[in-house]
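Visitor: I would like to learn how to read a structure such as this one. Please take me through it feature by feature.

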Amino acid sequence: MSLKDKNILLGVCGGIAAYKIPTLIRLLKERDANVRVLMTQAATRFVTELTLSTLSQEPVWKDIFPDSVSAKEDWTRHISMGEWADVYVIAPATANTIAKLAAGMCDDMLTASFITLRPDKPNLIFPAMDGEMFASPSVQRNLAWLSRNGCTVINPESGELASGKCGTGRMPEPETIAATIETAVTENLRRSKLQGKSLVITAGPTREKIDDVRFISNYSSGKMGFALAAAAVKRGAGVTLIAGPVHLPTPNGVDRIDVESTEEMNRAAKERYRSCDIFIGAAAVADYRPANHVAGKIKKNSNTMEIILVRNPDVLAGFSKQKKTHQLAVGFSLETAGNLDNAREKLEQKELDLVAYNTFDGITSGFEVDTNILTLIDKHSNVHELPLLSKNEAAEQMLDVIEELMSSDK
Ligand SMILES: Cc1cc2nc3c(=O)[nH]c(=O)nc-3n(C[C@H](O)[C@H](O)[C@H](O)COP(=O)(O)O)c2cc1C
């Protein structure tokens, strides 16, 4: 078992067992996990922010409100932490914070991130307190409510407590907590239908050469395709990302193939048709290319210039037309105007299983921006309207729909 590249969000509350957290972070880092720590104000009385940020190699977050209004990523950090996490661990969980979680309160980064955690991500709550506190009806009621509502509550151990008394309320040792986290992450991975599946995802624009120094292209940044690739790997899929020219780092665990033109992308895709279970065409491929590629640089000899364009191969339709059995073909339909009918038409014409329709407004959805508003239409005419989401979250929700489709097609 390993936690390599897993994102662990660690919420630390103001209980005496917080003294065990530096050791826990060391153990998680030794297992190559990424760790981000959220602390309550009370937690800072038991263990310092400096210690936890040094060990996790990340800043520690406490307050929802950003220190500066200029740091864009700070505005919505209370939401993005839950998106980032593969697992959310609250240790030690105090009686006070347990009550807040059960009541749905969210007045600090720890509680807000709990509320915004995706439902498919595991969360682990480690209550730790004096024995009488733990046995109190209110704590028991709140823990029971959390257990019934998707939380994994790990009961504390019995033994000597900080008060000097004996009882049930001791937080497990860091080694035990680390092992519990590994089990939770592995089990969650096994639940995904994408576990062990092979995905090919195209992303970014293509460039169609006019001469040796000029080309036809578009504004696609590749962000949506890269977000899908990263999210699919996290669900245990093997992902090949065929990327046009973009300036994005390769997500961990993704096999990336860089191409330039639509024809190159098509060749790379075709080689993988057979071995692939799901093909997602997120690239904004050029529909046409110059009929002739002129060697050198075209000279400025006249006031006008004509370039004859010829049709490029349709990479996505190429896949769906040959798919035989279980394979799924997923496409995007970006429209500057129009309605769902255009997307439905694309779904039918290209024999897709799912199409993601988005309108281009250049501000909240479309190329280059970090957010998207997608409407997903599947081949059974089910429509999923997603709200304005970060491209990472939109990718997660799209994969949820793909997994549903895989179940319904069985
Ligand atoms: C020395 C000391 C130790 C404490 N230990 C615990 C504890 O182990 N568990 C607990 O639930 N509360 C404990 N508390 C009480 C919490 O610190 C208090 O309820 C605080 O408001 C919790 O805030 P938080 O839930 O936002 O972290 C302790 C308080 C003190 C002064």
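Guide: What follows goes from the overall chain to the ligand, then to cysteines and salt bridges. Keep in mind that this is a predicted model.

Visitor: How many helices and strands are there in the chain?

Guide: The chain has 14 helices and 21 strands. Its C-alpha trace spans about 90 × 50 × 35 Å along the principal axes. Of the 410 residues, 49% count as buried.

Visitor: Which residues are the closest to the ligand?

Guide: A residue belongs to the surroundings of a ligand if one of its heavy atoms lies within 4 Å of it. Here 14 residues surround the ligand, and the closest are Gly14, Thr40, Thr94, Ala95 and Thr97. Helix α5 (residues 95–103) supplies the largest share of the shell, three residues.

Visitor: How do the residues of that shell divide into nonpolar, polar and charged?

Guide: Eight are nonpolar, six are polar and none is charged.

Visitor: Which atoms lie at short range from the oxygen atoms of the ligand?

Guide: For a polar contact, look for N or O atoms within 3.5 Å of each other. Glycine 14 uses its backbone: a polar atom there is 2.6 Å from a ligand oxygen. Threonine 94 offers a polar side-chain atom, 2.6 Å from an oxygen of the ligand. For threonine 97, a polar side-chain atom is 2.5 Å from a ligand oxygen. As for cover, the ligand taken alone exposes 640 Å², and the protein buries 62% of that.

Visitor: How many disulfides does a search of the whole structure find?

Guide: The test is whether two cysteine sulfur atoms lie within 2.5 Å. The search finds zero disulfides. Cysteine 106, for example, is in none, and the nearest cysteine sulfur, that of cysteine 151, is 15 Å away.

Visitor: Is cysteine 106 buried or partly exposed, and what about cysteine 276?

Guide: Buried means under 20% relative accessible area and exposed means over 50%, with partly exposed in between. Cysteine 106 has 39% relative accessibility, so it counts as partly exposed. Cysteine 276 has 1%, and therefore counts as buried.

Visitor: How many salt bridges does the structure hold?

Guide: The criterion is a side-chain nitrogen of Lys or Arg within 4 Å of a carboxyl oxygen of Asp or Glu. The structure holds 25 salt bridges. One of them pairs lysine 234 with aspartate 86, whose closest N and O atoms are 3.2 Å apart. This pair links distant parts of the chain, with the partners 148 residues apart. Lysine 234 is in helix α10 (residues 223–234), while aspartate 86 is in the loop between α4 (77–84) and β3 (87–93).

Visitor: Why is lysine 234 called partly exposed, and why is aspartate 86 called buried?

Guide: Apply the accessibility cut-offs again. Lysine 234 counts as partly exposed because its relative accessibility is 29%. Aspartate 86 is buried because its relative accessible area is 12%.

Visitor: How far apart are the closest N and O atoms of aspartate 258 and arginine 256?

Guide: They are 2.9 Å apart, in a salt bridge. Aspartate 258 counts as exposed because its relative accessibility is 54%, whereas arginine 256, at 21%, is partly exposed.

Visitor: Which residues are linked in a network of salt bridges?

Guide: Do not stop at single pairs when reading charged side chains. Here Arg118, Asp120, Arg235, Glu393, Glu396, Asp400 and Glu403 are linked in such a network.

Conventions: Residues are numbered from 1 along each chain as its sequence is written. This is a predicted model: local features need pLDDT of at least 70, side-chain atom pairs count only at pLDDT 80 or more; totals for chains, interfaces and linings use all residues. Side-chain values use heavy atoms; hydrogens and water are left out. A polar contact is a pair of N or O atoms within 3.5 Å; within protein, one must be able to donate a hydrogen and the other to accept it, and residues adjacent in sequence count only if both atoms are side-chain atoms. Accessible areas come from the Shrake-Rupley method with a 1.4 Å probe; for residues, only the protein chains shown count as cover. Helices (H or I, at least four residues) and strands (E, at least two) are DSSP runs, numbered from the N terminus. Ala, Val, Leu, Ile, Met, Phe, Trp, Tyr, Cys and Pro count as nonpolar, Asp, Glu, Lys and Arg as charged, and the others, Gly among them, as polar. Buried means under 20% relative accessible area, exposed over 50%, partly exposed in between (1.4 Å probe, protein chains only).
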